[in-house]
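Trainee: I would like a close look at one part of this protein. Please pick a helix, and walk me through what it lies across.

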Amino acid sequence: MSKAVFDIDTKAAEDRLMRYLAIEGQSGEEKLIAEAIIDDLKSIGVPASACRFDDAHKKIPLPAQIGNLFVSLPGTRKGPGLVFATHMDVVPLCKGARPKRKGNRIFPEGTTALGGDNRTGCAVLSTLAQTLLQSKLDYPPITLLYTVREESGIQGAEHMDPSLLNGAKTCFNFDGKSAADLITGAVGAQSWEVHIHGKASHAGVSPEKGISSTLVAAIALAEVKRGGWWGKVKKQSNRGTSNAGIFAGKDGKPAGDATNVVTDYVYVRGEARSANARFAAEITAAYKAAFAKAAGMVKDDRGGRAKVKFTGKAQYPPFNLPESAPAVKHAKRAAEMLGLKPTCVFSNGGLDANFFAKHGLSTVTLGAGQHEIHTVKEFVELAQFAEGCQIAVALATLKA
Ligand SMILES: [Zn+2]
């Protein structure tokens, strides 16, 4: 357990978290929560003119109501600015969530997830603003960054406008369980998809006249496995993972229409991850080669083969901060100041920090009490939420 070093209005912070948790806001529908955050910030003395949106929603290829929200706090001292970030959206399972406090935890009433991922982060940032504005603490210029569409593929962070960061290079992102677990790196990911067009034929009367797309896909995946590219992938010093997650027919229907028809079309979609962007691309290339090879192994009676259209693309880049990075050292000092034992963690999932790195922000991600996220068992541990608020203030006020 940590010690509370800063005088934080815990009651106001918890009330704020309860309010934020009760607001809907799936990916692309963050308008309501953004308005609630701005109202909240105005009520604690942040001028409306300090709140600005970028135009990420115009660049994101999916529907999005608003862009990312940037809030500038001018600071009481000069010095390199800091960014405190978090995402506003919650997963679809949170639809209709009604937060209820039981003892030192908050649970969802009913059968939804809660949205502690990531309304805990939103409440930490707003509580940081309240604490700084209502105290005599000294702090440098700070930008609070509330992003959109994290859960749908880190799109808000990908398309954000870095010119609104006031030149800051260091970021602390709140999106996790514990203030002591410092996420300082994460894998990058590729996504791929393949359309396999074979040829239908009566499976009982003339199967030899058909080209089975199902067989092409099956052989391709077996080939991927044989080559050591399936699941956990290890090649020399490189490590990664891969998966074929969706195996379907047209419009998401099952692959194939009937048992007596040779399947003429199959769609497969998957991913590859690695700490090394090039290796993730290599895994994707192995899938591509396997589908091409499989297409050559399934022929009809006249030598015809399936048409395979494979596309792979980078989804988000990996990043990995050394322990000597100023952001990591700063986060460690802040954690130790609260009596915590910080450890650096490398994440096998992507988060906003992956794209922050691309925008020139050196980012450490910390937690504020999320548990069992993306499930109906989700809850928030209020002691850890309070710790998240404490460490945010420590990070903002510690001299570099
Ligand atoms: Zn999250």
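Mentor: Take helix 6, residues 213-226. This helix lies across strand 9, strand 11 (238-248), strand 12 and strand 13. Helix 6 runs at about 20 degrees to strand 12. Keep in mind that the model is predicted.

Helix 7, residues 277-295, packs on the sheet as well. Helix 7 touches strand 9, strand 10, strand 11, strand 12 and strand 13. The direction of helix 7 makes about 45 degrees with that of strand 11.

Now the sheet itself. It is open and has 5 strands, in the order 10-11-12-9-13. The pairing is antiparallel. Strand 10 (231-235) and strand 13 (307-316) are the edges. Each has a single partner strand, so one side of each is left without a neighbour in the sheet. From one strand to the next, the twist averages 20 degrees.

Look next at one pair inside that order. Strand 9 covers residues 188-197, and strand 12 covers residues 265-274. The two pair in the antiparallel sense over 10 bridges. One residue to find there is Val 194, whose bridge partner in strand 12 is Val 268. In general, strands of a sheet pair through backbone hydrogen bonds.

Finally, step back to the whole chain. The protein chain has 10 helices and 18 strands. Of its 400 residues, 52% count as buried. Among contacts with a separation of 6 or more, 80% come from residues 24 or more positions apart. The C-alpha atoms fill a box of roughly 85 × 45 × 40 Å, taken along the principal axes.

Definitions and conventions
Residues are numbered from 1 along each chain as its sequence is written. This is a predicted model: local features need pLDDT of at least 70, side-chain atom pairs count only at pLDDT 80 or more; totals for chains, interfaces and linings use all residues. Side-chain values use heavy atoms; hydrogens and water are left out. Helices (H or I, at least four residues) and strands (E, at least two) are DSSP runs, numbered from the N terminus. Buried means under 20% relative accessible area, exposed over 50%, partly exposed in between (1.4 Å probe, protein chains only). Contact means heavy atoms within 4.5 Å. Two strands pair if DSSP finds at least two bridges between them. Axes are lines fitted to C-alpha atoms, for helices over the stretch in contact, and angles run from 0 to 180 degrees between N-to-C directions.
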